[in-house]
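I opened this entry to keep track of what I looked up in one structure. The notes follow the order in which I went through it.

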Amino acid sequence: MKPRVATAWLGGCSGCHMSLLDMDERLIELADKMDLVYSPFADVKEFPRDVDVTLVEGAVANLENEELARIIRRHSRHVVSFGDCAVTGNVTAMRNHLTVDAVLNRSYVELSDMHPHIPRDYPTIAELMKQARPLHEIIPVDAYIHGCPPTAGQIWTAVTELLAGRMPALTHVYLRYG
Ligand code: SF4
């Protein structure tokens, strides 16, 4: 059976996932070595059981993020902090003092060139926590991939090492705590 791999997106901008896609043809090679069982790229709604490696992009910024992080930890053998938002909070941590009303007003009224108004039917936005948290403050994390975003090469190295059953050994790139 191939290793089961997941990727998840918490409070981030999707840039780390875009960098993952920058692996280009190496993605085809990876697809031969693993099964992608959950990801923003895949239409799976519930986080599955028995996942070998999960890459998590983004800080824990709201209660939905926290709940998903705990589910991921319960069902993943290795959890990897994927990018600086997951590792340190990074830019995600700069917005949590703002209220939803303030963000909508800034986006749709103050910065609008034409017809400034807040749309009536915008989707429900989860209330932000008082402070965004790096992933390892919420759940134990096994490996860290730094960068905003990490390069495709860093991601490739980390994933192929983990799939081979080894912790990534490039200590100047990866810090392992605990
Ligand atoms: Fe986006 Fe950078 Fe955060 Fe990745 S680390 S989610 S690229 S801001």
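**Asn 105 and helix 5**

I began with Asn 105, which sits in helix 5, residues 100-110. The model is a predicted one, and I read every value below with that in mind. I looked up the accessibility of Asn 105 and found a relative accessible area of 29%, so Asn 105 is partly exposed. Leaving aside neighbours within four places in sequence, I found Asn 105 in contact with Glu 110 and Ile 118. I then took the distance to Phe 82, which is 23 residues from Asn 105 in sequence. From C-alpha to C-alpha, Asn 105 and Phe 82 are 31 Å apart.

**The chain as a whole**

I stepped back to the fold. I counted six helices and seven strands in the chain. Read from the N terminus, the order is β-α-α-β-β-β-α-β-α-α-β-β-α. The radius of gyration is 17 Å, and the globule rule gives 16 Å for 178 residues; the two are close, so the chain is as compact as a globular protein of that length. I also noted the span of the C-alpha trace along its principal axes, about 55 × 35 × 30 Å.

Next I looked at burial and contacts. Of the 178 residues, 45% count as buried. Among contacts with a separation of 6 or more, 79% are between residues 24 or more positions apart. The exposed area of the chain is about 10,300 Å², and 54% of that area comes from carbon and sulfur atoms. For charge, I noted 17 positive and 23 negative side chains, with the centres of the two sets 6 Å apart.

**Val 60 and Arg 74**

I picked Val 60, in strand 4, residues 60-62. Is Val 60 buried or exposed? The relative accessible area of Val 60 is 0%, and buried means under 20%, so Val 60 is buried. I listed the contacts of Val 60, again without neighbours up to four places away in sequence. They include Leu 10, Asn 65 and Glu 66. Met 129, Gln 131, Ala 132 and Arg 133 are also among them, as are Leu 135 and Ile 138. I checked one distance as well: Val 60 and Ala 93 are 33 residues apart along the chain, and their C-alpha atoms are separated by 9.0 Å.

I then went to Arg 74 in helix 3, residues 63-75. Arg 74 has a relative accessible area of 61% and is exposed. The C-alpha atoms of Arg 74 and Asp 22 are separated by 29 Å, with the two positions 52 residues apart along the chain counted as their separation.

**Ser 19 and the loop at Pro 149**

I looked up Ser 19, which belongs to helix 1, residues 15-21. Ser 19 has 6% relative accessibility and therefore counts as buried. Which residues does Ser 19 touch, not counting those up to four places away in sequence? I found Pro 149, Pro 150, Thr 151, Ala 152 and Ile 155.

Pro 149 made me check the backbone there. Pro 149 lies in the loop between strand 7 (143-145) and helix 6 (152-163). The peptide bond joining Cys 148 and Pro 149 is cis, with omega about -5°. I noted this since most peptide bonds are trans.

**Cysteines**

I looked for disulfides and found zero in the structure. I still recorded the accessibility of two cysteines. Cys 85 is at 12% relative accessibility, so Cys 85 counts as buried. Cys 148 is at 56% and counts as exposed.

**Positive phi**

I finished with the phi angles. Most residues other than glycine have a negative phi. Asn 90 is not a glycine, yet its phi is positive, about 45°. I placed Asn 90 in the loop between helix 4 (84-88) and helix 5. With a relative accessible area of 24%, Asn 90 is partly exposed.

I made the same kind of note for His 115, whose phi is near 45°, a positive value in a residue other than glycine. His 115 is in the loop between helix 5 and strand 6 (128-133). I read a relative accessible area of 64% for His 115, over the 50% cut-off, so His 115 is exposed.

Methods
Residues numbered from 1 in each chain as written. Predicted model: local features only at pLDDT ≥ 70, side-chain atom pairs only at ≥ 80, totals over all residues. Heavy atoms only, no water. Helix = DSSP H or I, 4+ residues; strand = E, 2+ residues; numbered from the N terminus. Rg over C-alpha atoms; globule rule 2.2 N^0.38 Å. Buried < 20%, exposed > 50% of the residue type's maximum accessible area, 1.4 Å probe, protein only. Contact = heavy atoms within 4.5 Å. Areas by Shrake-Rupley, 256 points an atom, 1.4 Å probe, with all protein chains shown as cover. Lys, Arg positive; Asp, Glu negative; His and termini not counted. Charge placed at Lys NZ, Arg CZ, Asp CG, Glu CD. Disulfide = S-S within 2.5 Å.
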